[in-house]
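User: Please walk me through the empty spaces in this model.

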Amino acid sequence: MPDLVIRNLHANITGTDTEILKGIDLQMSKGEIHAIMGPNGSGKSTLSHVLMGHPGYEVTEGEVLFEGANLLDLAADERSRAGLFLSFQYPFAVPGVTVANFIRMAVNAHRKGGPDGVDNPVRIPEFRKQIQEAMELLEIDKSMASRSLNDGFSGGEKKRFEILQMAMLQPKIAILDETDSGLDIDALRIVSDGINRLVGPNMGTLIITHYQRILDYVKPDQIHVLMDGRIVRSGGAELAHELETSGYADIAKEVVS
Amino acid sequence: MAPETADVDLGEYKWGFHDEENPVIKIERGLNEDVIRQISAHKGEPKWMLDFRLDAYEIFLSKPMPNWGADLSGIDFDNIFYYLKPAEINARSWDDVPDTIKNTFERLGIPEAERKFLAGVGAQYESEVIYHSLKKELEDQGILFLDTGQALLEHEDLFREYFASIIPSADNKFSALNSAVWSGGSFIYVPPGVKIEQPLQAYFRINAENMGQFERTLIIVDEGAYVHYVEGCTAPTYSSDSLHSAVVEILVKKGGRCRYTTIQNWSNNVYNLVTKRAVAEEDATMEWVDGNLGSKVTMKYPAVVLKGERAHGEILSIAFAGEGQHQDAGGKVTHVAPNTTSVITSKSISKDGGRSSYRGLLRVNKDAEGSKSKVVCDALIIDPESRTDTYPYINIMADQVDIGHEATVSKLGEEQIYYLMSRGLSEAEASALIVAGFVEPITKELPLEYAVELNRLIQLQMEGSVG
């Protein structure tokens with residue numbers, strides 16, 4: 001069975017009848033790169049947050065299996081510790097908490113309750129080495145580690161720090177929600193290089209994007225087109241270019257007819 | 001800071017226990033002239049002090065209750081015990097402290113802290129200081145650190161020169177009350193040029209139900225000297241109220257520096273109504289670090305009068321208002337001399353229907369040209385039931401001054417917590433981390449031991465609030 005299996009997923013905004021996801025089916029595994037493309041308002045970000053466990057959405061139908069277990073039964077922190085990661089489109093600032101301290105807490109949360117139920121906090125020198133390597137990979141200045149998380153960061157810096165967290169937490173499946181938005185061309189290259197280095201036999205990624213620009217750097221195995229809460233087409237990398245030339249409108253026509 | 005949740009009672013006040021009472025003296029409930037005469041007589045005070053007390057009592061009676069700030073209508077002055085002497089001695093060794101009381105202070109961690117990092121300790125239980133210590137080498141340098149009542153008897157001239165010179169009885173109703181019935185507190189004198197590296201600490205413990213604790217603290221930091229004084233306080237949890245009303249006066253002479261740190265953690269049946277004021281002379285620095293976590297109602301606005309040129313005042317205030325609590329806290333700075341500077345930083349957190357108010361007064365007198373001041377107050381609201389208010393009074397009478405004021409209110413957002421949870425932190429860890437980050441500008445100013453304690457207390461409060 002694939003590592004992530006989404007079956008007929010329906011979701012509303014919590015407490016309303018507003019249905020955003022109207023039956024999503026998708027399967028992927030570690031080692032694979034999938035992209036979800038779609039126009040604004042198609043439900044792309046909602047899908048990423050429903051998978052991560054955002055309290056603002058409720059699943060009304062369908063199921064999600066992560067390594068065979070029911071993902072929807074878990075709270076967001078449990079999903080994270082199970083190996084799911086979401087790079088936020090709009091990360092939150094946490095004033096007074098440094099990047100390094102925060103990431104160390106997150107890493108330690110993942111190392112809680114090991115095989116024999118014992119916590120295994122990372123040793124500080126080991127942690128320091130790892131985070132420095134990851135920061136170098138993403139061309140982040142060392143001094144940034146002692147700044148408050150996302151506090152006063154530019155849009156591009158926030159995205160780099162999302163990928164830094166991904167690198168440190170080593171998820172099995174990483175969802176990247178509009179990670180390319182707000183990045184200039186150099187930053188896009190750096191972030192994409194980082195993603196390419198991290199994706200491998202132990203990690204897969206689901207890239208959510210409006211534009212195909214990032215897909216020139218991170219080559220997807222499969223592309224899915226999301227419109228009005230449903231995946232209307234899936235295909236190989238060539239689909240991105242088709243979208244680029246003909247736009248979502250043509251697909252919409254195609255789907256309706 | 002990594003959360004340590006293993007051995008923590010979730011959200012419960014840890015210091016609500018009480019000891020069996022075994023007082024040497026316990027004057028009957030309520031306040032009248034006779035009670036005041038009894039207190040003074042037990043203490044063997046000079047007549048001028050009795051007269052001072054009686055005069056203050058008249059002022060107390062004549063002043064109305066404050067009609068601003070927190071709701072004080074629940075205070076029943078007739079139901080309070082104004083003086084309770086728990087033991088006969090003021091020990092210099094913990095071995096001489098009666099076991100029950102000693103055990104309580106051990107539970108509170110005082111002797112251990114004393115061994116580890118303090119220059120001296122005073123421990124007050126009910127109305128009297130029952131233990132006092134100061135390192136020998138500090139005593140040899142001429143530093144005085146003793147219980148205020150003892151200072152009156154042993155250093156009367158020095159005492160009389162400064163006592164009530166900064167906060168007169170008539171300052172407000174509660175300074176008058178304290179002046180009438182004061183007992184205990186710390187008296188500190190630091191001679192010129194002497195810098196005390198480790199903090200001096202006093203701990204105030206209320207034990208009896210309906211107790212009134214009225215300590216009086218007087219600190220004189222002579223020219224070029226430095227002291228860091230820390231106070232902590234706790235009380236048992238009872239179903240009826242207690243009253244804590246202290247007066248703290250500080251004089252920092254030319255070029256001296258005083259830092260006064262409070263971690264107030266009264267149980268939620270204590271009215272905490274405290275008057276604190278410092279005068280800073282030329283080139284002197286006064287810093288108040290004021291943490292208010294406990295009590296039912298707190299009204300406390302540490303004040304600095306910048307009396308000498310280039311004096312600097314700093315007030316860092318943090319208030320945590322939980323269920324049934326109202327923290328009305330803040331600070332007051334008066335710029336009297338030219339080129340004086342001040343910073344007020346206030347952080348408040350309200351949760352479970354608690355209410356926190358920032359109340360500040362910044363006054364720049366006509367002659368205080370070239371003064372600078374910055375006031376920053378930030379409030380964090382954890383849930384929709386809770387409330388925060390800001391009352392920043394600013395009164396500028398001088399020209400050419402530089403004044404800044406910023407205020408923010410933020411709500412602890414579900415989405416912010418979700419963001420942190422998406423990295424693997426539990427909901428409680430996430431909210432505690434956000435709060436710890438919020439108060440970090442204050443905790444970073446505390447000695448490590450107290451910063452850890454403050455973070456732990458906040459963590460405890462937050463553990464109780466989510467689930």
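**Cavities and a pocket**

User: Which residues lie nearest the centre of the second largest cavity?
Analyst: They are B:Glu215, B:Glu231, B:His244, B:Val274 and B:Lys276, out of 14 residues that line this cavity. On a 1 Å grid over the protein atoms alone, a cavity is a set of points where a 1.4 Å probe fits but cannot get out, and lining residues have an atom within 4 Å of a point. The model is predicted: local features need pLDDT of at least 70 and side-chain atom pairs 80 or more, whereas totals for chains, interfaces and linings use all residues. Residues are numbered from 1 along each chain as written, chains are lettered from A and ligands numbered from 1 in written order, and side-chain values use heavy atoms, without hydrogens or water.

User: What volume does it have, and which element gives the most to its lining?
Analyst: The second largest cavity has about 70 Å³ (the space filled by probe spheres set on the grid points, which are joined across faces, edges and corners). Strand S14 of chain B contributes three residues, the most of any element. Strands here are DSSP runs of E with at least two residues, and helices runs of H or I with at least four, numbered from the N terminus.

User: And how is that lining made up by class?
Analyst: There are six nonpolar, four polar and four charged residues; Ala, Val, Leu, Ile, Met, Phe, Trp, Tyr, Cys and Pro count as nonpolar, Asp, Glu, Lys and Arg as charged, and the others, including Gly, as polar.

User: OK, how many cavities of 30 Å³ or more are there, and what is the volume of the largest?
Analyst: The search of the whole structure finds five, and the largest has a volume of about 90 Å³. Its lining has 16 residues, with B:Ser346, B:Ser348, B:Tyr358, B:Cys377 and B:Asp378 nearest the centre, and divides into five nonpolar, eight polar and three charged.

User: Switching to the largest pocket, where does it lie?
Analyst: It lies between domain 1 (25-417) and domain 2 (418-467) of chain B, because both give residues to its lining; the bounds come from an automatic or database domain assignment. A pocket is an open set of points with protein on both sides within 12 Å along at least five of seven lines, and this one holds about 600 Å³ of space.

User: Which residues are closest to its centre?
Analyst: Of its 25 lining residues, B:Leu108, B:Gly109, B:Ala113, B:Glu449 and B:Glu453 are the closest. Helix H12 of chain B gives the most to this lining, six residues, and the lining as a whole has twelve nonpolar, five polar and eight charged residues.
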